[in-house]
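Colleague: I'm new to this structure and would love a close look at a single part of it. Could you walk me through one place where two elements come together?

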Amino acid sequence: MGSKRSVGKLAGEAAQGLMRPLAKIIKKGDRLPSVSRAARPPVHAHPGLHSRSGALSNREVMEQGVGLPRTPETVDHYSRLAGVDMRGKPVDIVEAPDDIAYLDYQGAVARTDDMGVQLGPAAFQDEETLVRTLGHESVHVKQYEDGRVSSMTGPLEDEAYAAEDAFVDTWRRNTR
């Protein structure tokens, strides 16, 4: 009979085992400067909700050097045009290789947890993707603020995806 380990511990060990090879795959990213403006734990340190849109992965955006400038000014500009309110929560721009690997493993361009929003490079691949991502994540910020986040994330994600078109419509009206 094998040793008795909790399912949580086994899941954590499995996740760590998956993260190491992913981090090696994007090793080239180690030479890239970090754009993140706030010191915070790695994005995978806290459970969170994710945005899953985007034609390119975070790694592809970094390698190809495509998209909008990944700066706080870009985030502020498109947030204003789309009517996005992050309710004072920090918005970090993620560029650390381990964090990019985590987002790509999740198939996500961004994530939100109780500490704020983390935008991966793929969130910046084009204007509409950034607007959708900002709107989506702002819905999650409100969900956290309202105490509605639990292990049942399906309805929360459905709500965030359903809200994206309204943010895109506002952005389009404000850019004409």
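At what angle do α5 and α6 pack, and how far apart are their axes?

Modeller: Happy to! Please keep in mind that this is a predicted model. The two helices α5 and α6 pack at an angle of about 130°, and their axes lie 8 Å apart. Angles over 145 degrees would count as roughly antiparallel and those from 65 to 115 as roughly perpendicular, so α5 is oblique to α6. The crossing in which α5 passes α6 is right-handed.

Let's meet the two partners. Helix α5 covers residues 127–145, while helix α6 covers residues 154–174. With its 21 residues, α6 reaches 31 Å from first C-alpha to last, which is close to the 30 Å expected at 1.5 Å a residue.

Now for the residues that touch. On the α5 side, the contacts involve E127, E128, V131, R132, G135, H136, S138, V139, H140 and Q143. Facing them from α6 are residues including L156, A160, E164, D165, F167, V168, W171 and R172. Several names on the α6 side come up again when you ask about burial: L156, E157, A160, E164, F167, V168 and W171 are buried.

R132 is a good residue to zoom in on. Within α5, the side chain of R132 forms a salt bridge with that of E128, at 2.9 Å from N to O. These two residues sit four apart in the helix, about one turn. E128 has a relative accessibility of 27%, so this residue counts as partly exposed. R132 also meets D165 in a salt bridge, again given as 2.9 Å from N to O. This second pair links distant parts of the chain, since D165 belongs to α6 and R132 to α5, 33 residues apart. D165 is partly exposed too, because its relative accessible area is 43%.

There is one more salt bridge to look at, between the side chains of D146 and K142, at 2.8 Å from N to O. Both residues are partly exposed, as D146 has a relative accessible area of 39% and K142 has one of 33%. Elsewhere, salt bridges that share partners join E128, R132, E164, D165 and R172 into one network. To set this in context, a search of the whole structure finds nine salt bridges.

So if you want a place to start in the viewer, find R132 and follow its salt bridges to E128 and to D165.

Notes. Residues are numbered from 1 along each chain as its sequence is written. This is a predicted model: local features need pLDDT of at least 70, side-chain atom pairs count only at pLDDT 80 or more; totals for chains, interfaces and linings use all residues. Side-chain values use heavy atoms; hydrogens and water are left out. A salt bridge is a side-chain nitrogen of Lys or Arg within 4 Å of a carboxyl oxygen of Asp or Glu. Buried means under 20% relative accessible area, exposed over 50%, partly exposed in between (1.4 Å probe, protein chains only). The expected span of a helix is 1.5 Å times one less than its number of residues. Axes are lines fitted to C-alpha atoms, for helices over the stretch in contact, and angles run from 0 to 180 degrees between N-to-C directions. Angles under 35 degrees count as roughly parallel, over 145 as roughly antiparallel, 65 to 115 as roughly perpendicular and the rest as oblique. A crossing is left-handed if the near helix is turned anticlockwise from the far one by less than a right angle, and right-handed if clockwise. Contact means heavy atoms within 4.5 Å.
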